[in-house]
Amino acid sequence: MAQDNAKLVYDRPEALVDRAHHYCPGCGHGIIHKLLAEIIDDAGIRENTIIVAPVGCSVLAYFYLNVDGCEAAHGRAPAVATGIKRVHGNSKHVLVYQGDGDLLAIGTAETIHAANRGENLTIIFVNNAIYGMTGGQMAPTSLAEQKTKTSPYGRKVADFGQPIRACEMINTLEAPVFIERCAVNSVKNILKTKKALKKAVKNQVEGRGYSFVEILSMCPTGWGIKPVDALKWVEDAMIPYYPLGNFRDR
Amino acid sequence: MARGEPEINPERCKGCELCVSACPEGILAMSEGFNKQGQVYSECIAPEKCTACMSCAIICPDSAIRIWRYAG
């Protein structure tokens, strides 16, 4: 602080534990954790929040967010969260944090059925188009012709199909109340993401039902590019296939 | 006249350079030295031009940046 009249206008949120996290440089998880912590602080629900962590890079989310946490088996986070939410009712707010391999590969059934039942949950889906933790293999969300460890010549649509658009799929169901796709590749998009997450958490606190927020995120290590180039890749390659915007807000 | 100042914790910085790309004034740069993790870290090279817009802090995945704003 250089001057006496200086005021701290941006600081680490209280709900974010003061420790260095294990994510690679430029990983989007750090930004999304920070947004969640800010929202938890703003809503004043830190003591009543339970985060259900997935299997994936964000498996240790409960190390970084200063809330109660529960680890689910791979892909089963919405099922575990359903149990927690039904036991506690509206006294606890359950945030489900999942990656693309967790939510759309092994956990597709749990995802679809939790959405179809309209469980009063907030699902945070981090889509980085690759399996980050296991070393950059192809995910259901990997783009056509995208090179990964298991598709070294690019993802062939004839062999593996088109990447799955989660928001559009959930949007065919009756029960969900809020569906939005955002990104964390620029300051503007991060602020929009915060707004969407805030709404999704508010829906749950008010007992309105199932909210689903998909966040396009960066995995510079898995993609094999520099963090700054990863921001551009989200803009140039991912957003044209995964259009940003609100799909439903009841 | 500076309207604010970023306070960057060099030990938390992993050197991803996202803040450098986000700063509208272009006043952030990577250090020549290394922190204890062996990474180059972000530094403010012209604090007098800072507008306290918070872009660097918002995009920092490692929450290594705090922003001070000067009153008046």
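Visitor: How many residue pairs are in polar contact between chain B and chain A?

Guide: In this predicted model, the count between chain B and chain A is 13 residue pairs in polar contact, with both residues at pLDDT 80 or more. On the side of chain B that touches chain A, the elements giving two or more residues are helix H1 (18-22), helix H2 (55-59) and strand E4 (65-70) of chain B. Of these, E4(B) gives the most, with six residues, and by class that side of chain B has 15 nonpolar, four polar and seven charged residues.

Visitor: What makes up the contact and the buried area between chain B and chain A?

Guide: In contact are 26 residues of chain B and 34 residues of chain A. The area buried between the two chains is about 2,600 Å², and carbon and sulfur atoms give 62% of that area. In chain B, the residues that lose the most area to chain A are B:Arg12, B:Ile58 and B:Trp68, which together account for 24% of what that side buries.

Visitor: Why is the link between B:Arg12 and A:Asp18 called a salt bridge?

Guide: The closest N and O atoms of B:Arg12 and A:Asp18 are 2.8 Å apart, and the rule asks for a side-chain nitrogen of Lys or Arg within 4 Å of a carboxyl oxygen of Asp or Glu, so the pair qualifies. Across the interface of chain B and chain A the rule finds two salt bridges, and over all chains the count comes to 18. The pair crosses between chains, from B:Arg12 in the loop between strand E1 (4-8) and H1 of chain B to A:Asp18 in the loop between E1 and helix H1 (28-43) of chain A.

Visitor: Is B:Arg12 called buried or exposed, and which word applies to A:Asp18?

Guide: B:Arg12 has a relative accessible area of 18%, and because buried means under 20%, this residue is called buried. A:Asp18 has a relative accessible area of 57%, and since exposed means over 50%, A:Asp18 is called exposed.

Visitor: What makes B:Asp62 and B:Lys14 a salt bridge, and where do the two residues lie?

Guide: Their side chains meet at 3.1 Å, N to O, which is within the 4 Å that the rule allows, so the pair counts. The pair links distant parts of the chain, with B:Asp62 in the loop between H2 and E4 of chain B and B:Lys14 in the loop between E1 and H1 of chain B, 48 residues apart. B:Asp62, at 6% relative accessibility, counts as buried, and B:Lys14, with a relative accessible area of 8%, is buried as well.

Visitor: Why are A:Lys202 and A:Glu206 called partly exposed?

Guide: A:Lys202 has a relative accessible area of 44% and A:Glu206 has 46% relative accessibility; because buried means under 20% and exposed over 50%, with partly exposed in between, both residues take the middle term. A:Lys202 and A:Glu206 form a salt bridge, their closest N and O atoms being 3.7 Å apart. Elsewhere in chain A, a network of salt bridges links A:Glu38, A:Asp42, A:Lys194 and A:Lys198.

Visitor: How do you know that A:Arg155 is buried, and what lies 3.2 Å from a polar atom of its side chain?

Guide: A:Arg155 has a relative accessible area of 3%, and since the limit for buried is under 20%, the term applies. A:Arg155 lies in the loop between strand E5 (122-127) and helix H6 (157-160) of chain A. The backbone oxygen of A:Gly161 lies 3.2 Å from a polar atom of the A:Arg155 side chain, while for the backbone oxygen of A:Gln162 the distance to a polar atom of that side chain is 3.5 Å. A:Arg155 and A:Leu143 are twelve residues apart in sequence, and their C-alpha atoms are 6.9 Å apart in space.

Visitor: What makes strand E6 (residues 178-183) of chain A mostly covered?

Guide: Six of its six residues are buried. Both faces of E6(A) are covered, with A:Phe178, A:Glu180 and A:Cys182 on one side and A:Ile179, A:Arg181 and A:Ala183 on the other.

Visitor: How do you know that E6(A) pairs with strand E7 (residues 211-216) of chain A?

Guide: Six bridges join the two strands, which run parallel, and because pairing needs at least two bridges, the condition is met. Within this pairing, A:Arg181 stands opposite A:Glu214 in E7(A).

Key: Residues are numbered from 1 along each chain as its sequence is written. Chains are lettered from A and ligands numbered from 1 in the order in which they are written. This is a predicted model: local features need pLDDT of at least 70, side-chain atom pairs count only at pLDDT 80 or more; totals for chains, interfaces and linings use all residues. Side-chain values use heavy atoms; hydrogens and water are left out. Contact means heavy atoms within 4.5 Å. Buried area is the accessible area (1.4 Å probe) that two parts lose on being put together, summed over both. A polar contact is a pair of N or O atoms within 3.5 Å; within protein, one must be able to donate a hydrogen and the other to accept it, and residues adjacent in sequence count only if both atoms are side-chain atoms. Helices (H or I, at least four residues) and strands (E, at least two) are DSSP runs, numbered from the N terminus. Ala, Val, Leu, Ile, Met, Phe, Trp, Tyr, Cys and Pro count as nonpolar, Asp, Glu, Lys and Arg as charged, and the others, Gly among them, as polar. Buried means under 20% relative accessible area, exposed over 50%, partly exposed in between (1.4 Å probe, protein chains only).
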